[in-house]
Amino acid sequence: MAPKTDRRTQHSAESRRRILRAAAEISAERGYDGTSVALVTKRSGLPASSVYWHFGSKDELLAEVIEHSYREWLPDRPRWEPPEPGTDRIDHLRRALREAGQSFAERPEFMRLGLMLLLERRAEEPAARARFQRIREEMLAAMGEWWAAVLPPDLLERRPEVPALLARLNMAASDGLYAMSAAEPDTLDIDALQELLALALDSVADRLAREVAADL
């Protein structure tokens, strides 16, 4: 017979998962403002006291929805480790962006809710928005480190800001592709667009490298 403390822990974890699942579904349907503790309790079948005990507030609950969704998405995220020696930059870039398109196919909650929050302006910044911004900084840092590893040394010396700029350009384009995939799920060829994005980013990097080489 399992100890009572183990049963309580399992019950608490299951309650937390039910609340997160309900909040994720409602926020996907109604957005940040349309999500309420009352709706979450109705959908999860748990009392409001359970929501507040686990999360403290609606804002902290939705921040945790973003965090939980992000952590679930991580195993499917594009890999931005530096390519193996002998691997062409464009081939590695194509693979990473193809993985990105595939990983966003299910439209994870952290992207859907996070992008909605980024477009809003509030007197007091929600914790959920801050959590999504931190996640984006993690993603930008990984992409920037990848570009720093594959760009020519002369370009990095003369234009040290280029890896971060290319990472932000990549993210800006990916945000647009994600929005289009949500609006046109049955007609958008995300793989073809990611292929064009890879070619565009690689061409920008080549152009910048040539400009620096011409000035040496």
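Ala, Val, Leu, Ile, Met, Phe, Trp, Tyr, Cys and Pro count as nonpolar; Asp, Glu, Lys and Arg count as charged; the others, Gly among them, count as polar. The model used here is predicted.

**Exercise 1. Describe the lining of the largest pocket by residue class and by helix.**

Step 1. Start with the space. The largest pocket holds about 320 Å³.

Step 2. Find the centre. Of the 21 lining residues, Trp73, Pro78, Trp80, Met139 and Met143 are the closest to it.

Step 3. Sort by class. The lining has 13 nonpolar, two polar and six charged residues.

Step 4. Assign helices. α4 (58–73), α5 (89–103), α7 (127–150) and α9 (162–183) each give at least two lining residues. The largest share, five residues, is from α7.

**Exercise 2. Decide whether threonine 41 is buried or exposed, and place it in the chain.**

Step 1. Locate it. Threonine 41 sits in helix α2 (residues 37–44).

Step 2. Apply the cut-off. Buried means under 20% relative accessible area. Threonine 41 has 16% relative accessibility, so it counts as buried.

Step 3. List its contacts. Leaving aside neighbours within four places in sequence, threonine 41 touches Leu46, Pro47, Ala48 and Val51.

Step 4. Check the record. An unreviewed UniProt entry annotates residues 36–55 as "DNA-binding region". That stretch is 80% helix and 0% strand, with its end C-alpha atoms 13 Å apart.

**Exercise 3. Find how many residues of helix α6 are buried, and which.**

Step 1. Take the range. Helix α6 spans residues 109–118.

Step 2. Count. Seven of its ten residues are buried, so by the under-20% cut-off the helix is mostly covered.

Step 3. Name them. They are Phe110, Met111, Leu113, Gly114, Leu115, Leu117 and Leu118.

Technical notes: Residues are numbered from 1 along each chain as its sequence is written. This is a predicted model: local features need pLDDT of at least 70, side-chain atom pairs count only at pLDDT 80 or more; totals for chains, interfaces and linings use all residues. Side-chain values use heavy atoms; hydrogens and water are left out. On a 1 Å grid over the protein atoms alone, a cavity is a set of points where a 1.4 Å probe fits but cannot get out, and a pocket is an open set with protein on both sides within 12 Å along at least five of seven lines; lining residues have an atom within 4 Å of a point. Grid points are joined across faces, edges and corners, and a volume is the space filled by probe spheres set on the points. Helices (H or I, at least four residues) and strands (E, at least two) are DSSP runs, numbered from the N terminus. UniProt positions are given in the numbering used here, feature names are shortened, and annotations may be inferred rather than shown by experiment. Buried means under 20% relative accessible area, exposed over 50%, partly exposed in between (1.4 Å probe, protein chains only). Contact means heavy atoms within 4.5 Å.
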